[in-house]
Amino acid sequence: MSDFKDSDDSKDEGKQAKTFSWMPEGCEALADGEYDAIIMGTGLTECIISGLLSVNGKRVLHVDRNNYYGADTASLSLLNLFQKFRSDAPGTNLGHSRDWNVDLIPKFIMSCGKLTKILLHAKVTRYLEFKSIDGSYVFKDGKVQKVPATPSEALNSSLMGFFEKRKFRNFLIFLSNYDKTKPATYHKGKTLDQMTTRQLYEDFGLDANTQSFTGHAMALHRDDDYLEQPAEATAEAIQLYVYSLERYGKSPYIYPMYGLGGMPEGFSRLCAIHGGTFMLNKGVDEVLFENGKAWGIKTGNEVAKAAIIVGDPSYFDAGKTRVVGKVVRSICILNHPIAGTDNAESVQIIIPAKQVKRKNDIYVCMVSFAHCVASAGKYIAIVSTTVETANPIQEIAPGLALVGEIMERFDSVSDLLEPVSNGKEDNCYISKSYDAASHFEACAEDVLQLYKLITGTELDMNISADMNEEDM
């Protein structure tokens, strides 16, 4: 990324240090000293915000304690992966370290969803190449089965019995025609925000099994709380799933070649092109406050000032965030595809909570050498869920059983954090931790909320999410 405007700790010989009236005694300016926004951490959320702010003409300073872009959303080489989780080195049977780009927090992108619109809005797709995910599956009665998403697929699906197939087909036909602006498409004369999702399911006679895979594998709800909420949101989510599938074929998901780490790098490049300054290997010792409002950061004896301070939770005092749960993830290196997926080179499998007597779903996503993230013939499967017990590793056992024989495995358990305030009172705009889901919909929503809080305006999402060949 040669066009990045990077800064380092060295000072040009003979260059006089900048001085400012606000500078604390004994300190000197960090980079240019004064900015409109300081971003801490190069996770995907932070990089999107820095890119969008720079395009809006803001002067941005972006720092990260790591020596690589991506933070929690980085893609690591095999050697770096082993160094992060273990003290030993990878075996020669895994191939060259440089052939690997392993996501720390793996997720797929809904091909016509909010994150795709953000990528297209910012024109970051020019830096990335995407590939469709081969299949979307759901776990039922001990088997992995393809998620039906069209009326014709519903009739051929082994997920349902004969009469249930016709009920589900009628449900999909209704949703494909439903438009809240057209009364002729309403259900029994009502819009879908006038009934709960449970009521909608019951009106079409869908049984508990069909409700489960529809709500979790298509609408992507993470638990069953949605059943008592207005059906409008669920209908829109299913319509998006079906449209994304029709647009790209095998599944509704896409994934960037060379791993997810390319996305934060792409937004970092966008920011740099618009004048942003990046400093890797630059930790933050303190976020500076005056009268309860953040006004800058300090690292060593260097200080930078800005009216907007953005960062992931790890850069702020614990009192600025709260723990809302934990997520467990297991990165598994395989030498085979997952059984029951027609030898797919990439796949998402959702295990609905009810299938394994849980509250939260279990997610399995797999990518491979076909996406330039692993050496030839190797696959990377990641199993994740929201923690419910004191034994989180045991909770993902159903997902690990689907994966099959594992060559290497790397487990982690991390807190799910969210800010206690929206940043208006203290100038601290803090992102949420990345959830256990195998898709980016919650992350995209967090970006849109942060952008509105910071700028006071909503990001224009009217752009079509349909990528052309140049975008892909």
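The legends below accompany close-up views of a predicted model.

**View 1. Helix α1 and its surroundings.**
Let us start with α1, which spans residues 44–55. This helix has twelve residues and reaches 17 Å from its first C-alpha to its last, close to the 16 Å expected at 1.5 Å a residue. Eleven of the twelve residues are buried, so α1 is largely enclosed by the rest of the structure. The buried residues are L44, T45, E46, C47, I48, I49, S50, G51, L52, L53 and S54. After the helix comes G57, whose phi is positive, near 95°.

**View 2. C47, a residue within α1.**
Here we zoom in on C47, a member of helix α1. Is C47 buried or exposed? Its relative accessible area is 0%, so C47 counts as buried. Leaving aside residues up to four places away in sequence, C47 touches T42, H62, P264, F267 and S268. P24 makes a useful reference point along the chain: P24 and C47 are 23 residues apart in sequence, and their C-alpha atoms are separated by 29 Å.

**View 3. H221 in the loop between two helices.**
H221 is found in the loop that links α7 (208–218) and α8 (231–248). Why does H221 count as buried? Its relative accessibility is 18%, and the buried class takes in values under 20%. Which residues does H221 touch, not counting those up to four places away in sequence? They are G215, H216, Y226, T234, D361 and Y363.

**View 4. The cavity and its lining.**
A search of the whole structure finds one cavity of 30 Å³ or more. The volume of this largest cavity is about 40 Å³. Its lining consists of R222, N360, D361, Y363, T385, T386, A436 and A437. Sorted by class, the lining has three nonpolar, three polar and two charged residues. Readers coming from the previous view will recognise D361 and Y363: both belong to the lining, and both are touched by H221.

**View 5. The hairpin of β8 and β9.**
Strand β8 (residues 135–140) and strand β9 (residues 143–146) run antiparallel and are joined by four bridges. One bridge pairs K140 with K143 in β9. How many residues lie between the strands of this hairpin? There are two, and D141 takes a positive phi near 50°.

**View 6. An open sheet of three strands.**
This sheet is open, with its three strands in the order β6-β10-β7 and antiparallel pairing. At the edges are β6 (109–110) and β7 (130–132), each pairing on one side only. Between β7 and strand β10 (residues 253–256), three bridges join the antiparallel strands. Among the paired residues, S132 has I254 in β10 as its bridge partner.

**View 7. Strand β16 and its two partners, β19 and β20.**
Which residues make up β16, and how many bridges does this strand form with β20? Strand β16 covers residues 321–334 and pairs with strand β20 (residues 408–419) in the antiparallel sense over twelve bridges. V327 is matched with S414 in β20 as its bridge partner. Strand β16 also pairs with strand β19 (residues 379–386), again in the antiparallel sense, over eight bridges. In that pairing, S330 stands opposite V383 in β19. As a general reading aid, side chains in a regular strand alternate between the two faces of the sheet.

Terms used
Residues are numbered from 1 along each chain as its sequence is written. This is a predicted model: local features need pLDDT of at least 70, side-chain atom pairs count only at pLDDT 80 or more; totals for chains, interfaces and linings use all residues. Side-chain values use heavy atoms; hydrogens and water are left out. Two strands pair if DSSP finds at least two bridges between them. On a 1 Å grid over the protein atoms alone, a cavity is a set of points where a 1.4 Å probe fits but cannot get out, and a pocket is an open set with protein on both sides within 12 Å along at least five of seven lines; lining residues have an atom within 4 Å of a point. Grid points are joined across faces, edges and corners, and a volume is the space filled by probe spheres set on the points. Ala, Val, Leu, Ile, Met, Phe, Trp, Tyr, Cys and Pro count as nonpolar, Asp, Glu, Lys and Arg as charged, and the others, Gly among them, as polar. Buried means under 20% relative accessible area, exposed over 50%, partly exposed in between (1.4 Å probe, protein chains only). Contact means heavy atoms within 4.5 Å. The expected span of a helix is 1.5 Å times one less than its number of residues.
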